[in-house]
Structure formats: structure tokens, C-alpha cells
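Q: Could you take me through one part of this protein slowly? I would like to see how two helices pack against each other.

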Amino acid sequence: MKTNDEASVLIVGCAPHLMLAASRVFSQAKLTFDCVSTKRTLKGHRFARNFRQCSRSDLVGNALSAVKENSYKTVVLSDDRTINLVLDSNLGDEDKLLLLPVVTIGNFAHLSSKIGLSIIFEQYGIQSPDFSVVEKIGQLSDAVSKMGFPLIIKGDRSGGGKQTVDILNESDLSRVVAGFDFFPAILQRKVVGELIGIEAFYQDCELISFSYSEVLETTENEFSPSVLRHYHQTGSIDPSVLRELQDIGRALGADGFANISCIRTERNERYYFEADMRPTAWVAHSSYFGDDLALKIRSCLTDGTRQEYLTTFDGRYPATLDLPLFIRMKAWEILINRYSVWKYMYFDSAVARIFLRNIGNTMSGLLSLSLVRRSVRNVVKSLAAAAK
């Protein structure tokens with residue numbers, strides 16, 4: 001996988017939705033990219049110079065070979081699973097650093113680790129929820145007793161709302177003690193307020209771009225991925241957000257995309273609890289309200305320049321805007337143009353593959369349900385016949 005394009009990017013991953021979002025940003029920036037993936041989603045993409053599909057066990061080795069053969073401006077690991085594959089691999093730390101989205105080996109501690117992230121936030125004075133580390137189930141009751149309700153428990157490497165459970169009272173605690181088995185885990189104070197999603201991009205710890213939105217709707221529950229957000233132009237938000245994000249970038253040694261989340265309270269205090277060093281499925285949405293992430297990334301990666309003012313306002317666009325994520329919406333929602341989703345849809349070969357896969361999964365589920373119903377009817381008929 002050799003390329004002479006000095007502005008090229010390497011995208012590595014197992015998650016089609018996230019690889020698609022990252023590729024859209026680089027496509028808008030007119031930057032070619034190479035791709036190493038366990039999925040064929042980006043195969044044939046018009047901005048993909050080279051594409052290599054491989055097994056999960058070969059993913060890290062193929063990615064490292066590509067990095068050593070080329071002079072990429074940035075490497076994007078699209079998802080937590082891929083980051084974990086690198087962290088858990090037999091590579092030496094220096095080789096891992098070639099792939100991971102941080103600037104030093106010392107920054108590995110917070111990657112894919114909610115415990116590590118909370119410790120870093122505490123060390124650097126980033127406002128975040130109070131927490132306690134729980135190594136095993138026997139420590140949970142004592143930790144809850146010391147902290148007091150309301151709390152949330154999360155598996156250390158959890159993501160997408162999985163392994164995340166409220167502990168609001170003694171009844172919740174009893175259920176968790178009986179059924180939670182994801183340790184080590186982190187116990188966090190549950191902070192009440194609005195859930196804020198931030199898509200940031202850093203290079204060498206410096207903030208290059210970010211977007212800011214409130215989460216309005218999720219796919220399942222409050223911990224699930226979002227499907228509708230209320231975006232703000234960066235020029236219309238509290239200026240202290242910019243300073244906080246700059247502090248976070250330096251604390252994490254950030255060097256790439258970052259999925260940052262916080263809770264904003266009624267007193268306008270922000271408690272940061274998530275900073276995954278990977279893109280989100282929303283990363284290209286800032287283009288819909290004039291904040292062009294692609295332009296900023298192109299300037300940064302091609303000639304090293306960055307915009308002096310990151311919080312700007314473009315009067316040609318509304319200050320705030322509700323935006324849906326069509327790739328996570330149900331077919332009937334798209335059909336009725338819910339949330340005016342048609343305005344925010346785009347199609348290419350990668351999107352088509354994802355849609356075909358989703359349709360196949362839906363049809364398979366319906367078929368399975370139909371077979372179950374048919375089997376139940378047959379059993380009922382047999383029992384009725386036997387009763388006669």
C-alpha cells in the first residue's frame with residue numbers, strides 16, 4: 001500500500017458508520033486516503049487511493065505496514081475496538097504510537113479507558129463527575145455507600161451506552177450487584193443537566209476545530225447513540241468552552257479526532273465525562289451550518305496553517321439548527337421525511353452498502369419473527385388436535 005500523495009490520510013477500522021463519517025470529511029477536504037479495514041464499506045470510494053480488507057487479527061499489522069511505507073499526515077483509528085486491538089497487540093510502544101491518536105507513550109493511559117480518562121481529568125483540573133474505581137463486585141456496595149446516590153456504573157472499556165447502568169437507589173444497587181459483571185468499572189456521580197456532544201479535531205495537542213450540540217434524541221435510552229441534535233455555531237456559545245477544549249487537548253496529548261461529551265447543568269457548569277480519541281458519526285455535520293471542518297483540516301494537514309479564531313459566526317446560516325443523522329434512522333422515518341432528513345442525506349457506494357446491510361438485517365429479523373409465529377401457530381394447532 002504505497003502512495004506518493006503527501007496529503008494522504010490512513011483510515012483504519014472495523015466500524016462502517018464511523019469510517020464513512022471520517023471519509024466524508026476528508027472527501028470534502030479533497031484529500032485522498034488509504035484504508036485498512038475488516039469491512040468492505042469504503043472499497044471503491046472515489047477518494048480512496050488504496051483499500052485493503054483483512055481479518056481482525058491482521059488489521060494492526062497491515063495498518064502498521066502502511067504507516068511505515070508512507071508519509072501520512074494523520075492516521076485515523078475509526079472506533080474503540082480498533083484502538084483496543086492496537087493497545088492489546090504485541091507491538092512495541094513506539095510502533096503503537098505510530099498508530100494511536102496521541103503524541104506520547106505516556107498518553108496511552110486514557111485510551112479506551114474510562115478510569116484512565118477520569119484520572120487524567122482529575123490530575124489536570126478538568127471539571128468532571130466525582131468517581132471511584134471498582135475492581136470487583138465485592139467492592140461495589142462499599143463504594144456506593146461512601147459516594148451516596150445518584151450514581152452511574154460503567155465498564156472501563158464500555159462504549160455506545162453498553163455496560164452502563166444507573167444506580168439511583170438501593171433497589172438499583174441490588175440489581176447491579178446481582179447482574180453486573182464488567183470489571184474493572186468506574187462509579188461516577190450522576191450529574192443532572194443537558195447532554196452535550198462535541199466533535200473535536202486536534203493536531204499535536206492543539207485544537208484545530210470543534211462543533212457543539214445538545215443531544216435531543218437517542219436510538220434507545222439516555223446512554224445510547226444520538227439520532228437528533230441541536231447544533232450551535234461556535235460563535236454563539238460560551239467562550240469558556242473553547243478554553244476547556246484546549247485544556248482537554250493538552251491533558252490528553254490529543255492528536256486526531258475526539259468524541260467529547262459533557263453534562264451542562266442549570267448553572268451552566270460543564271462536567272466532562274467522555275473523550276474518546278476517534279471520530280463520531282456526526283463529524284461531518286458542521287458543514288450544514290457554515291463551520292467547515294473540512295477546510296480547517298485541509299489547511300492544517302497540507303500546509304500546517306490553522307485559523308486564528310476558532311469560535312466564528314457566519315450570518316448566512318442560523319445560529320442554531322436541529323440536525324438528524326439519517327444513517328441511524330428507521331426506514332419509515334426516512335420515508336416520511338422526519339426532521340426534514342432528506343435535506344441532510346447523501347449517497348455514495350459506502351452509504352449504499354450500509355443501507356443494503358441494514359435492509360438485509362431488517363428483513364432477516366422480520367423473516368425470523370414470521371417463522372417463530374408460524375411455529376407457535378403450528379404448535380397450538382397440534383395441541384388442539386391432540387386435545388380432541
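**A close look at two helices**

A: Let's start with the whole chain: 51% of its 388 residues are buried, where buried means under 20% relative accessible area with a 1.4 Å probe and protein chains only. Please keep in mind that this is a predicted model, in which local features need pLDDT of at least 70, side-chain atom pairs count only at pLDDT 80 or more, and totals for chains, interfaces and linings use all residues. Residues are numbered from 1 along each chain as its sequence is written, and side-chain values use heavy atoms, with hydrogens and water left out.

The chain holds 11 helices and 14 strands; these are DSSP runs, numbered from the N terminus, of at least four residues (H or I) for a helix and at least two (E) for a strand.

Now to our pair. Two packed helices are described by the angle between their axes and the distance between the axes. Here, helix α5 spans residues 114-124 and helix α8 spans residues 240-252. Their axes come within 10 Å and cross at roughly 115 degrees. Each axis is a line fitted to C-alpha atoms over the stretch in contact, and angles run from 0 to 180 degrees between N-to-C directions.

Which residues meet? From α5 come L117, I120, F121 and Y124, and from α8 come I248, A251 and L252; contact means heavy atoms within 4.5 Å. The residues of this contact divide into 7 nonpolar, no polar and no charged. Nonpolar covers Ala, Val, Leu, Ile, Met, Phe, Trp, Tyr, Cys and Pro, charged covers Asp, Glu, Lys and Arg, and the others, Gly among them, count as polar.

How values were computed:
Buried means under 20% relative accessible area, exposed over 50%, partly exposed in between (1.4 Å probe, protein chains only).
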